[in-house]
Amino acid sequence: MSHTVGVRQAQKQQSRRALLDAGLHLLVDQNLASLGVREVTREAGLSPAAFYRHFPDLAALGVALVEESLASLHVMIRSVLAEAGDAEELIDRAVEVIERHVREHRAHVRFLARERHGGVRQVREAIAAELGRFAAEVGTALESQPGSRGWSEQDLRMLAELYVDHMVSTAAAFLEALETDPGRERRIAATARLQLRLISLGRAHWQGS
């Protein structure tokens, strides 16, 4: 009996994975609001009934893609913040991590960039909520750094949100360069480093709000 349950669970996970992959593939050329359940299931090789066993609607599939799209980036950025090194080293590593993430997860980054201000409210809210949680994590990491001594919780949150917004805009710029003008990647990386240095310099001289 346990073997049968295990097989069914594996099949269920496989079906869900197929639906997520199909949705992500179709969203390369369109936004979620224009997508249909039948398109997704046809791409996944499943029936519409199979879709509704996993998701109540396409918005729920989009929310699942949001969580998946940001999960690996959370891990990588947390690892950068946890590393030792001076500000210059951390800045260089952060930009390298973002560029590598865009190369390895291009479809996910494209999805987030398009849907962050897209037509599906649940997905917009999910992206905002995930980025908010990300900013909270970054703020916690910043709080433990010597440069944050004496900072208020409000100011730490503001700084964390500034870093997260910069990360998102840099990822979008890398994505656009990869798809339209690969030669711009170095210039984007150089600009991102300069912007982070400017934020770091402002942080060092901030007197509090």
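Rings of Phe, Tyr and Trp are counted as a pair if their centres lie within 6.5 Å.

**Figure 1. Ring pairs link Phe51, Tyr52 and Phe55 into a cluster.** The view is taken from a predicted model. Two aromatic pairs are found in a search of the whole structure. In one of them, the ring centres of Phe51 and Tyr52 are 5.3 Å apart and the planes stand at 80 degrees, so this pair is edge-to-face. In the pair of Phe51 and Phe55, the centres are 5.7 Å apart and the planes stand at 45 degrees, so this pair is tilted. Phe51 and Phe55 are both buried. Tyr52, by contrast, counts as partly exposed, because its relative accessibility is 48% and the partly exposed class lies between 20% and 50%.

**Figure 2. The surroundings of Phe51 are shown through its contacts with residues beyond four places in sequence.** These partners are Leu19, Val37, Val40, Thr41, Asp57, Leu58 and Leu61. Phe51 has a relative accessibility of 0% and therefore counts as buried. Phe51 is also among the residues with the most contacts inside the largest nonpolar core, as are Val40 and Leu61.

**Figure 3. The largest nonpolar core of the chain comprises 58 residues.** The residues with the most contacts inside this core are Val40, Phe51, Leu61, Val66, Val102 and Phe111. At least two core residues come from each of helices H1 (2–26), H2 (37–44), H4 (58–82), H5 (87–104), H6 (106–115), H7 (121–143), H8 (153–180) and H9 (185–204). Helix H4 supplies the largest share, eleven residues.

**Figure 4. Glu99 in helix H5 is a buried residue without a salt bridge.** The nearest side chain of opposite charge belongs to Arg103, at 4.0 Å. Apart from neighbours within four places in sequence, Glu99 is in contact with Phe174 and Glu185.

**Figure 5. The close-up views belong to a chain with nine helices and zero strands.** From the N terminus on, the elements follow the order α-α-α-α-α-α-α-α-α. Along the principal axes, the C-alpha atoms fill a box of roughly 60 × 45 × 30 Å. The chain has 209 residues, of which 39% are buried. Among contacts with a separation of 6 or more, 65% join residues 24 or more positions apart. The exposed area of the chain is about 11,700 Å², and carbon and sulfur atoms supply 53% of this area.

Conventions. Residues are numbered from 1 along each chain as its sequence is written. This is a predicted model: local features need pLDDT of at least 70, side-chain atom pairs count only at pLDDT 80 or more; totals for chains, interfaces and linings use all residues. Side-chain values use heavy atoms; hydrogens and water are left out. A nonpolar core is a set of buried Ala, Val, Leu, Ile, Met, Phe, Trp, Tyr and Cys residues joined through side-chain atoms within 4.5 Å. Buried means under 20% relative accessible area, exposed over 50%, partly exposed in between (1.4 Å probe, protein chains only). Helices (H or I, at least four residues) and strands (E, at least two) are DSSP runs, numbered from the N terminus. Contact means heavy atoms within 4.5 Å. Lys and Arg count as positive and Asp and Glu as negative; His and the chain ends are not counted. Rings of Phe, Tyr and Trp (its six-membered ring) pair if their centres lie within 6.5 Å; planes under 30 degrees apart count as stacked, over 60 as edge-to-face and the rest as tilted. Accessible areas come from the Shrake-Rupley method with a 1.4 Å probe; for residues, only the protein chains shown count as cover.
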